[in-house]
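Work through the exercises below with the structure open beside you. Try each one before reading its solution.

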Amino acid sequence: MRLRRAGRTYGERQALFPIDMAVRAGECVALMGSNGSGKSTLLRLASGREKPTTGSVLFEGHPMREEDPRTRARIAVVGDTVSCYPDLTARAHLLLVARAQGVGDAAAEWTDRVLAERGLTAHADSYPSSLSSGQMQSLLLGCAFVRPRDMLILDEPEQRLDPAARDRLAEQIKQEKRDGVAVLLATHHTDLAGSTADRVIVLEEGRVIAAGATEKVLKKVGL
Ligand SMILES: Nc1ncnc2c1ncn2[C@@H]1O[C@H](COP(=O)(O)OP(=O)(O)OP(=O)(O)O)[C@@H](O)[C@H]1O
């Protein structure tokens, strides 16, 4: 996935100034920066959810189009909005996504594995209204891991997770990299970025203020 001078305005506000960046297979890039610095905007462009107002976004050399089923089939996104079906259990959500994304006969097996990995086995038959906010976040993350993917886009995936669930998430991201998945995430959690990201990009008011190898950048910006 590559952004070529991609920028985004909302009315008068320049949420993201034109930026060049790429995420390669097996690599994790973390976006950091204060509230409103443009991280979610960049992720929405990278996932094809929104179009840049300048420049372009490419996935494997072709313009990113979320409406293209082939793109959707390969990019798993956990965005900044929570959405679920109130009358479907945690297990049913995962089965639905697995089947919709072509997992086929293995959907039940994938679902059980993801429930266990996300610490949700005991809540498999719970409805969203009876999940805690952290369990709900784990379910949303599970929806990204219960389907095939070549790219993973995560917006503050650590939010509402307890330390154990956060550690499991970090391990999962490292496994994704070993499996050749390209990972792009926005996070406020320095340890999560430090343990998973190969590179960090720090945004401030829509501009890149630091970018490069994780350790170097975190040190430079005092994180
Ligand atoms: N749909 C929109 N319409 C108008 N302005 C928007 C819209 N989305 C984002 N913005 C503005 O763009 C800027 C960047 O927002 P963005 O959500 O990308 O920040 P962020 O770095 O993800 O912040 P946070 O850490 O709070 O999630 C903010 O000033 C925000 O108010």
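**Exercise 1.** Which strands does α1 lie across, and at what angle does α1 run to β8?

Solution. This model is predicted. Start at helix α1 and look at the strands under its path: they are β3 (28-32), β7, β8 and β9 (199-204). Then compare directions: α1 runs at about 150° to β8. Another helix, α5 (residues 133-145), also packs on the sheet, where α5 touches β6 and β7. The direction of α5 makes about 175° with that of β6.

**Exercise 2.** Find the order of the strands in the open sheet, and name its edge strands.

Solution. Strands of a sheet pair through backbone hydrogen bonds, either parallel or antiparallel. Here six strands follow the order β6-β7-β8-β3-β9-β10, and the pairing is mixed. A strand at the edge pairs on one side only, which holds for β6 (75-78) and β10 (207-213). From one strand to the next, the twist averages 15°.

**Exercise 3.** In which sense do β7 and β8 pair, and over how many bridges?

Solution. Take β7 (residues 151-155) and β8 (residues 182-186): their pairing is parallel and spans five bridges. For one bridge, start from Leu 152 and cross to β8, where its partner is Val 183.

**Exercise 4.** Which element gives the largest share of the shell around the ligand?

Solution. List the residues around the ligand, among them Tyr 10, Arg 13, Asn 35, Lys 39 and Thr 41. Two elements, β2 (13-22) and α1 (39-46), each give two or more residues to this shell. The largest share is that of α1, with three residues. Sorted by character, the shell holds two nonpolar, seven polar and two charged residues.

Key: Residues are numbered from 1 along each chain as its sequence is written. This is a predicted model: local features need pLDDT of at least 70, side-chain atom pairs count only at pLDDT 80 or more; totals for chains, interfaces and linings use all residues. A residue is near a molecule or strand if its C-beta atom, placed from the backbone, lies within 6 Å of it. Helices (H or I, at least four residues) and strands (E, at least two) are DSSP runs, numbered from the N terminus. Ala, Val, Leu, Ile, Met, Phe, Trp, Tyr, Cys and Pro count as nonpolar, Asp, Glu, Lys and Arg as charged, and the others, Gly among them, as polar. Two strands pair if DSSP finds at least two bridges between them. Axes are lines fitted to C-alpha atoms, for helices over the stretch in contact, and angles run from 0 to 180 degrees between N-to-C directions. Two residues are in contact if their C-beta atoms, placed from the backbone, lie within 7 Å.
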